Amino acid sequence: MKQKLSVLSTIAVATALTAQVAIGWAATPTKLDADIVIKNGQVLTMNEQKDVYSQGTVVVKDNKIIAVGDDKVAAQYNAKKVIDAGGDIVMPGMINTHNHVPMVAFRSIGEEGVGNRLFDVFFPLEEKLLSRDLIYTASVHGAIEMAKGGVTTYADMYYHEDEIAKATEKVGIRGVLAESVISFPVVDAKEPYGGIKYAEDYIKKYKDSELITPAVAPHAPYTVSPEKIKETKALADKYKVPFIIHAAEFADEAERVEKKFGVKSESVISYLDSLGVLDENTILAHAIHLSDKDISIIKERNAKIAHNPIANTKGATGVSPAIKMDQVGIDIGLGTDGPMSSNTMDVFGTMGYAARVHKLVNKDQSLMPPSKAVELATIGGAKVLGMDDKIGSLETGKLADIIIVDVHAPNTFPSYDPYATITYAAGPQNVTDVIVNGKMIVEANELKTYDYAKDLKDMEVIYEKVSQVEKTLPYHQKKEAE
Ligand SMILES: [Zn+2]
């Protein structure tokens, strides 16, 4: 029996101990008040020791977890709501460390017969179609997909990030949402690099939000000048917010930087290091093309990695040396990347894919075991986002971000090893309940915070518009001419 009352926050410890004494001495045990008790679950705590309770309990009061333990813990509480997990898996909400959520509006476009999907399809579509309204509506839709799929926190980089923040709050999940900075005019900034000013206003507005962590993101080393990368980092430092950048996604980024900005460097990582922008608040998305020296720089600076194996495979950009980075102790989380790249925001699929692809490329079945994949999708992601003191594991005192995964479905039963079930068998459709910040967001498979029929109706309007514009893109003529 492992009762996890030893790490309770002080008030909870005192109360819990008093209650235990009361249970021992009084004829009628005094029960403690709670808002939600989840009982009879296989609880994957994802704490430091990776404790698992096969008949476990998680107790929530207000927005926090106040107790985690075995079946005896459930009996100590008087809860407004009791959820009998019926043997299903209870685990921390999953964390998607890299996304461009509004791009869900363009899901499944330009998948065949296109030279460069980013330049021939997405940049032109974005130029013609992006608006505050599209960004908000698509973000609601994407947040719904994530919430229903057990993702309780995600990191994003896009434009009008305040609209994405509004949408994320509406659906009720957490977001580390970074306003993008790029060298050409975009929907929310007429001037090149206008994102810096936009970001500052947005950061000020959302600095104290409960669910939203504002952040800032220069798009990539080859689309943002060295001066502006430094200026963006200074802004992130000023407000102590995360700094996110695509890096080492392509093999030739150092050459692109040299060609565009005239700065010669050994690698794009050493280039970023020379700008002084790598530290524990920096999240590098992709980090595929790395030398051993690059890995040691990342480790030394304590920069974090958002690993997007599905998007990288589909985009044929390569396989990140995530295993090597993990072995030297670099913090890594999993990301889906935008839904134009990976087509879904499914973190189950990403776990399963990460677990498989590293075995394959290294020809070693022992690499990335299921417990490691689940770690990357939970506490690993929390470390990447600098939020591991608040989320990523089920521990007393942490914020109550909890999901329940059905292990009695056709695709999940039987389940002898919960980590293997989560990594290789389960999918978003198996998430029955989702709690974020102590609030039920999904209950018995049903989204409680937003009317999906309304979302779908709004998205159909966007779908019609996008379909019309997409037909006019020059790549269609190019295809016909071939
Ligand atoms: Zn990306």
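This section describes the overall dimensions, the domain arrangement and selected secondary-structure elements of a predicted model.

The chain contains 17 helices and 17 strands. Its radius of gyration is 23 Å, close to the 23 Å that the globule rule gives for 482 residues, so the chain is as compact as a globular protein of that length. The C-alpha trace spans about 85 × 50 × 45 Å along its principal axes. Of the 482 residues, 52% are buried. Among contacts with a separation of 6 or more, 72% are between residues 24 or more positions apart.

The domain assignment divides the chain into domain 1, made up of 1–93 + 392–450, and domain 2, made up of 94–101 + 108–116 + 126–164 + 174–385. A distance of 31 Å separates the C-alpha centres of domain 1 and domain 2. The contact between them draws on 28 residues from domain 1 and 29 residues from domain 2. On the side of domain 1 that touches domain 2, at least two residues each come from strand E5 (89–92), strand E14 (402–405), helix H15 (418–425), strand E15 (431–436) and strand E16 (439–443). The most is given by H15, which supplies 5 residues to this side of domain 1.

Strand E11 (residues 282–286) has 5 of its 5 residues buried, so E11 is largely enclosed by the rest of the structure. E11 pairs with strand E10 (residues 243–247) in the parallel sense, over 5 bridges. In this pairing, Leu 284 of E11 stands opposite Ile 245. E11 is also joined to strand E12 (residues 304–307), again in parallel, by 3 bridges. Here the bridge partner of Leu 284 is Ile 305 in E12. The connection from E11 to E12 passes through helix H10 (residues 292–301), and this β-α-β crossover is right-handed. Leu 284 thus has a partner in each direction: Ile 245 and, in E12, Ile 305.

Helix H4 (residues 132–148) comprises 17 residues, and the distance from its first C-alpha to its last is 24 Å, close to the 24 Å expected at 1.5 Å a residue. H4 is mostly covered, with 13 of the 17 residues buried. Gly 150, located just after H4, adopts a positive phi of about 85°.

How values were computed
Residues numbered from 1 in each chain as written. Predicted model: local features only at pLDDT ≥ 70, side-chain atom pairs only at ≥ 80, totals over all residues. Buried ≥ 20, exposed ≤ 12 C-beta atoms within 10 Å, placed from the backbone. Helix = DSSP H or I, 4+ residues; strand = E, 2+ residues; numbered from the N terminus. Pairing = 2+ DSSP bridges. Right-handed = clockwise from strand over helix to strand, strands pointing away. Expected span 1.5 Å × (residues − 1). Rg over C-alpha atoms; globule rule 2.2 N^0.38 Å. Contact = placed C-beta atoms within 7 Å. Domains from an automatic or database assignment.
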